[in-house]
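Visitor: Please take one part of this structure and go through it closely. I would like the answer as one connected account.

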Amino acid sequence: MSATTPAEVKRPEAMEAGGTSIPSADGAIGRRKLPRNLVIGAWLLIAWMALAVAGPLLLGSPTTMDLLHSLRPPSLAFPFGTDNLGRGVLTRVIWGAHLDLEIGFFTVAPAFFIGSTLGLLAGYFGGVIETVVMRLVDIAVAFPFLVIVIAIVAVLGPGLGNMYIAVAMVGWVSYARITRAETLLAKRLEYAEAARLLGLPDRRVLLRHLLPNVIPQAVIYASSDVILGIFLGSSLGFLGLGAQPPSPEWGLIIADGYSFVDRAPWISAFPGLAIVLLAISFSLFGDGLADLLRPETR
Amino acid sequence: MPEPVLEIDGVSKHFALRRAPLAALAGKPRRRVQAVADVEFAIGTRECFGLVGESGCGKSTLARLALGLLRPDAGHIRFQGEDIGALSGHGLRALRRGAQMVFQDPYASLNPRMTVGAAIAEPLAWHKVVPPADVKAETRRLLSEVGLGPETASRYPRELSGGQRQRVGIARSLAVRPALLVADEAVSALDVSVRAQVLNLLADLGERRGLSMLFISHDLGVIAYLCARVGVMYLGHLVESGPVAEVFRAPAHPYTRALIGAIPKPDPAAPHPARPLEGEPPSAAAVPEGCPFRTRCPSARSICMTMPPRIDFGAGHWAACHFATEIRNQGAI
Amino acid sequence: MTKGGAMDDEAVSDPPLLALEGVGVSLTANGARLVEDVSFTLGSGESFGIVGESGSGKSTTIRAIIGLLPDGLRATGQVVFSGENIAGASEARLARLRGAGIGMVFQDPLSALNPVMLVGRQIAEALRWHGRLDPAARRRRMIEVMRLVGLPEPERLASSYPHELSGGQRQRVALAIALACAPRLLLADEPTTALDVTIQDQILRLLDELRRSLGMALVLVTHDLGVIARVCARVAVMYAGRIVEEAPVARLFAAPAHPYTRMLLDSIPQGPRACHPLAPIPGRPPDPAHRPRGCGFAPRCPLASVACTERTPPWRVLAAGGGFACFHPLLAEATTHA
């Protein structure tokens, strides 16, 4: 009574059920759901951006002075109170939102692009390129970040633009390190070898195969770097080296309110709160992004 | 005599190890890892040649040498008659179309961020194997040839099983219509039943497309199934070679005997070899002088300090051992 | 040459060292059953193999025995070790058992060992955690165990880090850690899969020798039928989370009862394709979340009938030992108990 073993089936995979992947012992891998922090963070950021765009259109000017109403505590007319020049703190904070969002973006984006590119090239080609890039990294890292940035801004002159230049000049090193490490790992994987073996030129292997797999770590880092960038911008603003008065940048507002903190704490408190809330939004988004982009293991 | 598809002619390859800066200053020579030492064999058209050995024997390095991914330090590698060491540009592109590889790890051999269809279409488009308008159809055809449905093209590797991924890898390497396929432990990571499916697939593809194959594996059973001839490697040296049936029936090298004896057979009544192979293989950075196997060989004598000659038994069967004839006469394991 | 056949020198009526009864493992998230109704017994000094492919649940089963399931998995059923039900035991009780009563060896020796701790210390740590030996006695025992597993120059090797050792040596170290406290039962999950063939042979011989000399029972999980034939006296075949057949090794290979076992054996290359073409099992094992009703193997089984898709085949015991779960077994005559 022998089993009639079937003739070789032409499409054995056609018999699989459903086509979902094999679950690991950790749990079935179904459709990927968006992580909750990511969704909440994303909505918060959208709200911030809407506020940054719409707010200025709906409110009055942030620079209108009204000395009769200076240093008033929060009330119906001025929900965040007024500062020493009679300007509504709420108005100033909302007008400042777009500034701090810009600061977040421009402190990170140049460093991200420059650093990631250098890191990718260093990791892939090795040799002289890698040596040069890594030695530059070593030099930049030898100095305390804030000290260098302040020094460069002091040389170039205060202002947001110069601050962006200063940060880009120093901030690229983290991204270079991250992408280089990821590239070193990825280029050894068989799919990178297969791409080269198929005759694809280096630039294609780099852009089409390595880059998409190597960049997520840098992106995740960037999402938390944005928060540091905002803090930096506000700190420099507080020191007078970043945004210049009468710009309603939050750091500047805090600085203005510093002398009145005993009489009118709301001047500094509300922009400070705004910074914290924006940072939390980015933080949630970054965490969620990290969860989403976490490398898929079998 | 038809020209062989691949000729490995006295090929050697070593890798230099990094040394401490002080040692460099002192002028000490770098230590070298002899990955491949004076290997010689040829693969004909439609022939499947098996390469068997354990880790560190140099078979993966040899695979990469054969494909031109590495340059040999000595010897020549000829693909379809042409020395590949001298190739560049146009010639190199032709080599890329002529010889391809299937990798061991189905999980790492596909770009996780590329769909299956994109991965197969890429070499099709790049090498202009078919006109751009036909790329999609050709992709579907290739998928079907390896036993996958057209809907697989829109999937990502993470949605597929190991066996399916391996099939995708095979389809990708077949896209450029190679004459030689190098399979580096291509079925080792697969389940037994899936392994059998992929083995049959490779055999069918080989027949249908007239492919030559260099099949690398540590699994003698798999090599016996697919290959006509086999070479046994140990510490970078090819120690025995010949028709599969011959080599497995009457191995002439002590290492081949030990290897065959060590494999657990799916038969409880099979006798276990009396003397198992003891110890560990020496480091490839310190290959023993003379016969590389002498430190573990049960038959080693003082003459083994000299490099053993190749003893020929006819029909293409030879072994590099001073006592090859006696070993062979011991008969089946 | 005995191979740990049932009850070598012991009385037939001795209670089993390990008894699994209706063990199941499921995902807490969606209740999918990774392991279903697994039962077997093991006597002192016996070697028992569990063979199956990926997704069969064999590794999960063995982890369930010792309570080492990953997060998100829940075990049910009874696991009786030395007369004590340890299935629902507290973490403290299990921790005392692990390494002392029951030892475990995993597949990848590199990740099983702490890369920043000296090898000797890792072995001694097992002793420290479980025993009351003083440091000098611990060191003596450590060297003794290292010699036992065949590590050369134990005094020198004890001061090495895992990355300085070869794969075979690392697996021996892992074995030494598992054996340090002389466990009565050793669980081995694919212990030689990551090793070279000649080294695998050495380790398998070592396991066999240790089992005999220490009177230690062995449960060996593997996908390699050759390893089973080499080392085990009895074997269970798992498919889709269930044991589909259990038999003494000789019978399993000579006359398997379950079609899956037969087809699995037929999937192993036995010679050139021209002489022994393989007829592989078509399709793939089912996703635990979408297991078909009835017998898990039915969708791929050439003997499947309607009954197979409606009910799970019940376990039928064989007089000669072992049993199977199939409505269409391959036995010429199936002798069963009442």
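Guide: A suitable place to begin is helix α6 of chain B, where 13 of the 13 residues are buried, so the helix is largely enclosed by the rest of the structure. The model is predicted. Helix α6 of chain B covers residues 162-174, and at 1.5 Å a residue its 13 residues should span 18 Å; the end C-alpha atoms are 18 Å apart, which agrees.

Strand β9 of chain B, residues 229-234, can be read in the same way: 6 of its 6 residues are buried, so this strand too is largely enclosed by the rest of the structure. In a regular strand the side chains alternate between the two faces of the sheet. In β9(B), B:R229, B:G231 and B:M233 point one way, while B:V230, B:V232 and B:Y234 point the other way, and all are buried.

β9(B) has pairing partners. Strand β3 of chain B, residues 48-52, pairs with β9(B) in the parallel sense over 4 bridges, and B:F49 has B:R229 as its bridge partner in β9(B). Strand β10 of chain B, residues 237-243, pairs with β9(B) in the antiparallel sense over 6 bridges. In that pairing the bridge partner of B:Y234 in β10(B) is B:H237. β9(B) and β10(B) form a hairpin with 2 residues between them, and B:L235 in the turn has a positive phi of about 50 degrees.

Chain B also meets chain A, in a contact that takes 29 residues from chain B and 21 residues from chain A. On the side of chain B that touches chain A, α3 (90-98), β6 (99-102), α4 (116-126) and α7 (192-209) of chain B each supply at least two residues. By class, that side of chain B has 13 nonpolar, 10 polar and 6 charged residues.

Buried residues can also be followed through the largest nonpolar core, which has 280 residues; B:L214 and C:I123 touch the most other members. The largest share of this core, 15 residues, comes from helix α2 of chain A, residues 89-125. Leaving aside residues up to four places away in sequence, C:I123 touches C:M142, C:V145, C:M146, C:V173, C:A176, C:I177 and C:A180.

For chain C, the domain assignment gives domain 1 (18-232) and domain 2 (255-324). The centres of these two domains of chain C, taken over C-alpha atoms, are separated by 29 Å. Contact between them involves 8 residues of domain 1 and 5 residues of domain 2 of chain C.

Notes
Residues numbered from 1 in each chain as written. Chains lettered and ligands numbered in written order. Predicted model: local features only at pLDDT ≥ 70, side-chain atom pairs only at ≥ 80, totals over all residues. Expected span 1.5 Å × (residues − 1). Buried ≥ 20, exposed ≤ 12 C-beta atoms within 10 Å, placed from the backbone. Pairing = 2+ DSSP bridges. Contact = placed C-beta atoms within 7 Å. Nonpolar A, V, L, I, M, F, W, Y, C, P; charged D, E, K, R; others polar. Core = buried A, V, L, I, M, F, W, Y, C linked by C-beta atoms within 7 Å. Domains from an automatic or database assignment.
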